[in-house]
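Good morning, colleagues. Please have the sequence and the model open before you while I speak.

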Number of protein chains: 4
Amino acid sequence: MSPRNVEKDMQMREARIEHILTSALETIAKLGIDSANIKDIAREAGLSVGNVYNYFKSKDDIFSEVLLRGQISYGKAISGFAGLDMDPREKLYEISQGWLSTKSNWAFTIMLQSIRTNQSVNPEIKEAATRRFTENLRPLADIMRQGQTKGVIVGGDPQQLAFYYVSLIQGLTLQLAPGYEIPVHIEPENIVRLFMTPASTAAETGFFAVKRDHKLLYKKMFDMT
Amino acid sequence: MSPRNVEKDMQMREARIEHILTSALETIAKLGIDSANIKDIAREAGLSVGNVYNYFKSKDDIFSEVLLRGQISYGKAISGFAGLDMDPREKLYEISQGWLSTKSNWAFTIMLQSIRTNQSVNPEIKEAATRRFTENLRPLADIMRQGQTKGVIVGGDPQQLAFYYVSLIQGLTLQLAPGYEIPVHIEPENIVRLFMTPASTAAETGFFAVKRDHKLLYKKMFDMT
Amino acid sequence: MSPRNVEKDMQMREARIEHILTSALETIAKLGIDSANIKDIAREAGLSVGNVYNYFKSKDDIFSEVLLRGQISYGKAISGFAGLDMDPREKLYEISQGWLSTKSNWAFTIMLQSIRTNQSVNPEIKEAATRRFTENLRPLADIMRQGQTKGVIVGGDPQQLAFYYVSLIQGLTLQLAPGYEIPVHIEPENIVRLFMTPASTAAETGFFAVKRDHKLLYKKMFDMT
Amino acid sequence: MSPRNVEKDMQMREARIEHILTSALETIAKLGIDSANIKDIAREAGLSVGNVYNYFKSKDDIFSEVLLRGQISYGKAISGFAGLDMDPREKLYEISQGWLSTKSNWAFTIMLQSIRTNQSVNPEIKEAATRRFTENLRPLADIMRQGQTKGVIVGGDPQQLAFYYVSLIQGLTLQLAPGYEIPVHIEPENIVRLFMTPASTAAETGFFAVKRDHKLLYKKMFDMT
DNA sequence: CATGAATGAGCTTTCATTCAT
DNA sequence: AATGAATGAAAGCTCATTCAT
């Protein structure tokens, strides 16, 4: 019937969607979420403005989809770490290191805040974004609990600890936004140490010195899709 | 005509400026930084749109002035704490408690990020905001150092610790943005404990139970302008 | 306080609103309802596009307001006729003559239809327009009833007769749309005769020949606001 | 290749064209003439957008073709009635009843008006639509004349009477547009009575009570293509 | 200083039409 | 013929900023 390969079309379409989302994220990372408009995103993607609307029904749709995929991807990565047989301290280290070294992550953080606090955004989208954020705390709380069981992570409500950890990471992420850097070093091992028990900290001799291709592991987790 | 009148005029003008800035902050807190426009701010201030422009030359001007004054005020408050003769842990507790309990503080955090990452904002303004942020780390680092000297705060570069602390507080502040709350408790004493030494944590028996009108103290510091 | 005359401002504002509505009607009459856009209306009114939005919140708002005022005005005129002490046949004649001789009335008829049948229009607006149309049938039915009582108007449900009469007038109105005229004369007295009883028609000798400044009377009724 | 195939192709093509036109009319009837776009029409027809352009060169082309065929079909039906050996009153009754009971006829009326009043439509198309409308008055005038000869239809210029009759029917048709109904009954016999002579009306005892499958006859006339 | 009407650039979105496959 | 992705010209609307009063 159709002179075109339907299956290939579908694949192309999915690839385009992916491409637009990537371009949107990059545009936000470059221009800031306020200045990033459809024209810029389309240009970044190498498409016409009108064509973008063949794949997404609105700008909000694009933005919330970018955030959605980021949150899902992040959630899977953290869940992956939670399920690994590895020192919980090391898990936190890997997560911190991986997240902070990925250039455009601050854009995700900004988007999450923007979507949650912007009055003109559809309430359902806001609610969904908040809910996914909350859900993503769970695997992190699991890691905290694992650490507490082993006596290497400080006591207290694991979910609250997870919340502090995530807030700290997000806060730091924002400081890493391009343009004007803050002249203070960020060292993942020091971040983790804040959550470690006295004994654990004392005993730890060169724990973090272990060589490992961190990025690879983190990336691997992210690709556990 | 008389010098008295001129002076009084100046005071009136300064009061107006203050009032507009307050209204701007409240509007942002209410509507989000994207939706807050001049008309809204003018309405909140009870002024006409045109009249607002008699006091500020642009919207960006208002926003960066709001941020500027917030940063200065915050800096003074922290410096005030740094100079006090008080247990450093208590200082951190007071600061955490005070900051997190002030409703519209998340708006400052959003503004700082918005100004720093928005491409259309004047680079000088961005640079200034970043610089002031960095400067405000110093008194906090002083408090950290005081704690380290007394052996109650964990070791490491005090400025880095201050940076982590501020990032954590800012990250938490964002989660407190109105609309959709995250169902996790935030307890200032637990935040401070993350930065305390083993010994300090162990010895601390009911340390934070001391009754005090925290808000009053924090407010007092903030009003040291 | 205000250096401007507030009352005068209000009057100006009302005049502007009126002016925009008139311009909108004229634009529709000139270009057709499909082609009439805000830019055209603004140009016709001698205003900038943006300024139009200081008086109306949307294009639909303008259109439905035009229709609303037209319907109200029409309703008042018909009610006025219904209350007059005058031969009902003459009332119908006046109404027919007056309505058909007003140039832009076809635009009202088109608008009513457009608003009622356009899926993208707010349902409340559609409902309101339909309701007002129905309400405006009543005074016309009163006139029919008056005629029936005097034995000069044919029998049957007065409201149904009114509905037929209005539909006929509206149908004719549409044929009068500018551009390409239909080469058939429209004679108000013949229209009225369709609704007259045999006796009434027979007895009528030169009834409609009576000289009168019809337009004046009709206009007068319209201005009974 | 063979002549047979060419002929069959032509038939297929004509069937497609017919199908698209029907789909266009249904889409307009469903969504209103403003909202009906090519994508909707193509979907209704079960074709791709691009393929529709293999049969029509523009949207206006489709619309004016829908109207053209409707007008031709209507003209043939009326001419058919004019040529029948039947009471003229009955002819009018059949026409009224048939036209008003066909669901999507209001769409034709709207289209006629839209095309005639829309400035962006090709003038030739507008002129043609108006001309055909005028031509279609003739057979109706013939029916009026037949009635006048028999003394059952009121006097006056037959063409003018036909014009009134058509306007009335069109006016009523618009009121029948879906969405918000006007709560007034429409009774075809009452419509016809408006055009009947006193004697005719008096003598008529149960004239319209004659049972007949009206729709069938009307349909039959319409299919005289 | 005070007002809010006025401007116009810029944004998001729609859609008839074209075109590579 | 058949497809739907691609285009680009508009449309509606918003809003920071200016300006006559």
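D:Glu65, at 21% relative accessibility, counts as partly exposed, a class lying between buried, under 20% relative accessible area, and exposed, over 50%, with a 1.4 Å probe and protein chains only. The model is a predicted one, in which local features need pLDDT of at least 70 and side-chain atom pairs count only at pLDDT 80 or more, whereas totals for chains, interfaces and linings use all residues. Residues are numbered from 1 along each chain as its sequence is written, chains are lettered from A and ligands numbered from 1 in the order in which they are written, and side-chain values use heavy atoms, with hydrogens and water left out.

What is the partner of D:Glu65 in a salt bridge? D:Arg69 is that partner, and the closest N and O atoms are 3.2 Å apart. The term salt bridge stands for a side-chain nitrogen of Lys or Arg within 4 Å of a carboxyl oxygen of Asp or Glu. D:Arg69 has a relative accessible area of 26% and is partly exposed. Because D:Arg69 and D:Glu65 are 4 residues apart in helix α4 (residues 59-83) of chain D, about one helical turn separates them. Helices here are DSSP runs of H or I with at least four residues, strands are runs of E with at least two, and both are numbered from the N terminus.

In chain A, salt bridges that share partners join A:Glu14, A:Glu18, A:Glu65 and A:Arg69 into one network.

How many salt bridges does a search of the whole structure find over all chains? The search finds 36. One of them I take from chain B: the side chains of B:Arg131 and B:Glu135 meet at 3.5 Å, N to O. B:Arg131 and B:Glu135 lie in helix α7 (residues 123-135) of chain B, 4 residues apart, and are therefore separated by about one helical turn. B:Arg131 is partly exposed at a relative accessible area of 38%, and B:Glu135 is partly exposed at 38%.

Let me turn to a salt bridge in chain A. The side chains of A:Glu44 and A:Lys30 meet at 2.7 Å, N to O. This pair links distant parts of the chain, with A:Glu44 in helix α2 (residues 38-45) and A:Lys30 in helix α1 (residues 6-31), 14 residues apart. A:Glu44 is partly exposed at 29% relative accessibility, whereas A:Lys30 is exposed at 53%.

I now come to the aromatic side chains. A pair of aromatic rings is described by the distance of the centres and the angle of the planes. Over all chains, a search of the whole structure finds 12 aromatic pairs. The rings considered are those of Phe, Tyr and Trp (its six-membered ring), which pair if their centres lie within 6.5 Å; planes under 30 degrees apart count as stacked, over 60 as edge-to-face and the rest as tilted. Why is the pair of A:Phe133 and A:Phe163 edge-to-face? The ring centres are 6.4 Å apart and the planes stand at 75°, so the pair falls into that class. A:Phe133 belongs to helix α7 (residues 123-135) of chain A and A:Phe163 to helix α9 (residues 158-175), 30 residues apart, so that distant parts of the chain are linked. Both A:Phe133 and A:Phe163 are buried.

In chain C, the rings of C:Phe133 and C:Phe163 have centres 6.4 Å apart and planes at 75°, and the pair is therefore edge-to-face. C:Phe133 sits in helix α7 (residues 123-135) of chain C and C:Phe163 in helix α9 (residues 158-175) of chain C, with their positions 30 residues apart. Both C:Phe133 and C:Phe163 are buried.The next topic is the interface of chain D and chain C. Here 48 residues of chain D are in contact with 48 residues of chain C, contact meaning heavy atoms within 4.5 Å. About 4,300 Å² is buried between the two chains, and carbon and sulfur atoms give 62% of this area. Buried area is the accessible area (1.4 Å probe) that two parts lose on being put together, summed over both. D:Tyr164, D:Tyr180 and D:Leu194 supply 17% of the area that chain D buries against chain C, more than any other three residues. Across this interface the rule finds 0 salt bridges.

Finally, the symmetry of the copies. A rotation of 178° with 0.0 Å of shift along its axis superposes chain A on chain B, at an RMSD of 0.5 Å; the fit is by least squares on the C-alpha atoms of residues with pLDDT of at least 70 in both. The two copies are thus related as by a two-fold rotation axis. The same surface serves both, as 100% of the contact residues of chain A recur in chain B. For chain D on chain C, the rotation is 178° with 0.1 Å of shift along its axis, and the RMSD is 0.5 Å.
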